[in-house]
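Biologist: Hi! Could you walk me through the ligand site in this model?

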Amino acid sequence: MHSDQTRPQIRPLIARRPAGPITGRISVPGDKSISHRALMFGALAVGETRITGLLEGEDVLRTAAAMRALGAEVVNHGGGRWSVAGRGIGGLTEPADVLDMGNSGTAARLLCGILASHPIFSVLTGDASLRGRPMRRVTDPLSATGARFTSREGGRLPLAIEGAEDAMPLEYRLPVASAQVKSAILLAGLNARGITRVEEPEATRDHSENMLRHFGAQVAVETVGEGRIIHLTGQPELRGADVDVPGDVSSAAFPLAAALLVPGSRLRIDGVGLNPLRAGLLLCLQEMGADIVVENRRTEGGEPVGDLVVAHGALRAIDVPPGRAPSMIDEYPILAVLASCGNGATRMRGLKELRVKESDRLSATAALLTVNGVRVEIEGDDLIVHGTGGPPAGGGHVATHMDHRIAMSALVLGQATAAPVSVDDSAFIDTSFTGFVGLMTGIGAVLDPA
Ligand code: S3P
């Protein structure tokens, strides 16, 4: 793990079009959202939580370290098997030092929720990317629990938290479609007396609701139009549980995209989480005419899972409605890359939230394509990508802005372009996709140190 001062060397990479196809049978690292939650909920439960398939990326390791610093016993048994001996609801203890959440917005925002209803003092910080991201979206509503938050100007980290002694349950309607904000409110509600009510006008990923139930909490979900109302009963007895983490669909998207783009490719990706509130990319790819088959659909640990079989083929332009954004919010950079190699203009609507990710992902995605010879427009919150109908020119050097998904998207683009694509830094890929370079080169991609 690294803070800004000790972060490893910058790792520039060059991606080149391979001579042969992308082929093989792979699985991708565990789902990041589920991995964070398994560690956090395990720390709040009584008894042992056993986790298999945990993502051991930087972001999740930050959460593991934070839960340890807050008094939980978190043990790495090797090979993705971890266990957590929890402290029970309200049982976390004051950390002796600042909690450094690295690059992870999910870790920082969900922890704000947990810490709001623990009567302890803590300070959160992160790397330069995370210190630039908005935290008021959680601290404003969480203040109504009785917790006190003191931050840098603009609500940015570092952030000091004095948790509430006797937290009030919240009733909150989300102003933005954000699973992180929803989860922060629900997590604060775990140690509040009474019912916490969250209303989301658009449904967002529901891993918190699913896993809280799995740990024994009472969570009622009502569907209202496109949205949901969630009621959580406070102060449940959370019991440690077994969690099998499925492969991360947001990570699977990168090898999958490489196979779609490189002629002759055929790739199988086993055990990918297919929660419908996460799988919007697959819907888009179907509309684009991609050859993707889902086999072996099953439920593992309460989440739908399947194996994806994908083959190369031409892609056509689509119009992606804004309502789809919550189910594929992390997949727009790679969808934009795919659209750039297809025919016609693809319009992706309602991408405002992309501006506050690990980077301003709307601008970073547009820039990554522009420097590689693709015509792109940003109109309000929409991104329009003009497909080149064949391999884009490439030859660009991409600024990744401490953003793992921008780095991986650029490196996949380079598998299709006429000239190589380079990135200024691939080190941040370790936050979400451990072993990315080895996995990609193992299936035929060409990635070389610059
Ligand atoms: C996440 C929610 C999303 C997503 C992030 C993970 C989560 O963020 O972009 O990578 O695990 O809840 P927002 O809730 O801010 O959209």
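**The ligand and its shell**

Modeller: Happily: sorted by class, two nonpolar, four polar and four charged residues make up the shell around the ligand. Here Ala, Val, Leu, Ile, Met, Phe, Trp, Tyr, Cys and Pro count as nonpolar, Asp, Glu, Lys and Arg as charged, and the others, Gly among them, as polar. This is a predicted model, where local features need pLDDT of at least 70, side-chain atom pairs count only at pLDDT 80 or more, and totals for chains, interfaces and linings use all residues. Residues are numbered from 1 along each chain as its sequence is written, and side-chain values use heavy atoms, with hydrogens and water left out.

Biologist: Which residues are around the ligand?

Modeller: A residue counts as near if one of its heavy atoms lies within 4 Å of the molecule. The residues found around the ligand are Ser33, Arg37, Thr106, Ser178, Ala179, Gln180, Arg205, Ile329, Asp330 and Lys357.

Biologist: How far is the polar side-chain atom of Lys357 from an oxygen atom of the ligand?

Modeller: A polar contact is a pair of N or O atoms within 3.5 Å; within protein, one must be able to donate a hydrogen and the other to accept it, and residues adjacent in sequence count only if both atoms are side-chain atoms. Arg37 places a polar side-chain atom 2.7 Å from a ligand oxygen. For Lys357, the distance to an oxygen atom of the ligand is 2.7 Å.

Biologist: Why does the ligand lie between the two domains?

Modeller: Domain bounds come from an automatic or database domain assignment. The ligand lies between them because its shell takes residues from both domain 1 (4-30 + 246-449) and domain 2 (32-244).

Biologist: Where is the cis peptide bond?

Modeller: Its omega is near -5 degrees. The bond runs from Leu157 to Pro158.
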